[in-house]
Amino acid sequence: MPSASLVFQSVVLGVLLGGLYALLAAGLTLYFGVMRVVMIAHSAFLILAAYLAWYAHRETGIDPLLTLVVTVPLFFAAGVAMQRLLLTRLRPATLTMMSVLLTFSVALTIEGLLGYAFSGTQRRIRLGYSSAGFEFLGARIAAVKLIAFGMAALALLGLYVLMKHSRFGQALRATIQHREAAQLLGIDTDRIAGYGFGLGLATAAVGGTALALDTTIYPSLHWHWIGPLMAIIVVGGLGSVPGAAIAAMTLGMLQSLLQLELSTTWAQTVFYVALFATLAFRPQGFFGGRLAQRF
């Protein structure tokens, strides 16, 4: 039986991990919400952002967090370009299914390019504060995990404010809820969809940089992440950013607690059990997801 202090340590780590999952999953659910696109390449862009942070640190010695000044607008522009140049060419009737194949090929291309440029060797960023940490009610918290959680919290808060309190956010939510009705109200849904897609990819830049602070990276690492992230957006309800955040926190904490009794690999099966249970008993998700009822 694990001690109370060990359980509390796992809860704290689960909250920190859940915050990172929430950030990474928010982009995925945005893609589906605005365009009905299943973006398999999202985790590959995460790893690309992590490599850019690692490379900038290795070459210049700057803190990886400073690379966000470049990578966030770069990924936003790449998302807009990808939506306008690739995804809009797919037929609407088969968009969701064909987007899986298209973004799968994009993921393989990114993995191949990273392997060609940096080889398959595992990389890790060594910072002066990498091993720093502090005690909180008996739990040991690593500084890099807290920084990653803070980045996730700030990014999600910014996303919430943008979605709730800006004209762009209102137009984006209208496009997500009912595209045809939004067009009748005079909203340029194609332009909004492009910006929404760019916004989703910009979250990958933040998430990838946060990931690079605390994780060893290699080109094929994205396959490790895409399964849990897909499970999170289905459990949370496709197209629902708050739903994805709640599901991410819940499943992240469960994974952390299960690691007390099971190995890391077995603990991760909680995502697939939750995915199976959701599809079997509540396909629209547990925290929203009216969109999912249409598919």
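These are my notebook entries on a predicted model, taken one topic at a time.

**Entry 1: helix α1**

I began at the N-terminal end with helix α1, which covers residues 4-35. I wanted to know how the end-to-end distance compares with the expected span. At 1.5 Å a residue, its 32 residues should span 46 Å, and the end C-alpha atoms are 46 Å apart, so the two agree. I also looked for bends, and there is a kink of about 25° centred on Ala25. Next I checked how covered the helix is: 23 of the 32 residues in α1 are buried, so I noted it as mostly covered, with buried meaning under 20% relative accessible area. Just after α1, Arg36 takes a positive phi of about 60°.

**Entry 2: the UniProt record**

I then turned to the annotation. The unreviewed UniProt entry lists "transmembrane region" for residues 6-30, 37-56, 68-87, 99-119, 139-163, 192-213, 225-248 and 260-281. I picked two of these spans to look at in the model. Residues 139-163 come out as 84% helix and 16% strand, with end C-alpha atoms 35 Å apart. Residues 192-213 are 100% helix and 0% strand, and there the end C-alpha atoms lie 32 Å apart.

**Entry 3: the nonpolar core**

Which residues have the most contacts inside the largest nonpolar core? I found Met39, Phe45, Leu229 and Ile232, in a core of 81 residues. Helix α1 gives the most to this core, with 13 residues. I followed Phe45 further, leaving out residues up to four places away in sequence. Phe45 touches Met39, another of the residues with the most core contacts. The other partners of Phe45 are Phe75, Met82, Val106, Ile110, Leu201 and Ala204.

**Entry 4: Leu48 and Thr71**

Leu48 lies in helix α2. Is Leu48 buried, partly exposed or exposed? Its relative accessibility is 22%, so it counts as partly exposed. Beyond its neighbours within four places in sequence, Leu48 is in contact with Phe75, Ile110 and Leu114. Phe75 and Ile110 also turned up among the partners of Phe45. I noted one more pair: Leu48 and Glu111 are 63 residues apart in sequence, yet their C-alpha atoms are 8.4 Å apart in space.

Thr71 sits in helix α3, residues 68-85. Thr71 has a relative accessible area of 3%, so it is buried. With neighbours within four places set aside, Thr71 is in contact with Leu52, Ala205 and Thr209.

**Entry 5: aromatic pairs**

My search of the whole structure gave 11 aromatic pairs. I took a look at one of them, Tyr55 with Phe118, which is tilted at 5.7 Å centre to centre and 50° between the planes. Tyr55 lies in helix α2 (residues 42-60) and Phe118 in helix α4 (residues 95-118), so this pair ties together parts that are 63 residues apart in sequence. The two rings' residues fall into separate accessibility classes: Tyr55 is partly exposed at 36%, whereas Phe118 is buried at 17%. I also found that Tyr51, Trp54, Tyr55 and Phe118 form one aromatic cluster.

**Entry 6: Ser119 and Val144**

Ser119 caught my eye in the backbone angles, with a positive phi of about 65° although it is not a glycine. Ser119 is in the loop between α4 and β1 (133-136). Its relative accessibility of 29% makes it partly exposed.

Val144 is in helix α5, residues 143-165. At 1% relative accessibility, Val144 counts as buried. What does Val144 touch, not counting residues up to four places away in sequence? I listed Tyr129, Ser130, Leu213 and Asp214. I also checked Leu127: it is 17 residues from Val144 in sequence and 9.5 Å away, C-alpha to C-alpha.

**Entry 7: helix α10**

I finished with helix α10, residues 241-258. Its 18 residues should span 26 Å at 1.5 Å a residue, and the end C-alpha atoms are 26 Å apart, which agrees. The buried residues of α10 are Val241, Gly243, Ala244, Ala247, Ala248, Leu251, Gly252, Gln255 and Ser256. What covers the buried residues of α10? The cover includes α1, α5, α9 (222-236), α11 (264-267) and α12 (269-281).

Definitions and conventions:
Residues numbered from 1 in each chain as written. Predicted model: local features only at pLDDT ≥ 70, side-chain atom pairs only at ≥ 80, totals over all residues. Heavy atoms only, no water. Helix = DSSP H or I, 4+ residues; strand = E, 2+ residues; numbered from the N terminus. Expected span 1.5 Å × (residues − 1). Bend = angle between axes of the 7 residues up to and from the residue. Buried < 20%, exposed > 50% of the residue type's maximum accessible area, 1.4 Å probe, protein only. UniProt positions renumbered as here; feature names shortened; annotations may be inferred. Phe/Tyr/Trp six-rings, centres within 6.5 Å; stacked < 30°, edge-to-face > 60°. Core = buried A, V, L, I, M, F, W, Y, C linked by side-chain atoms within 4.5 Å. Contact = heavy atoms within 4.5 Å.
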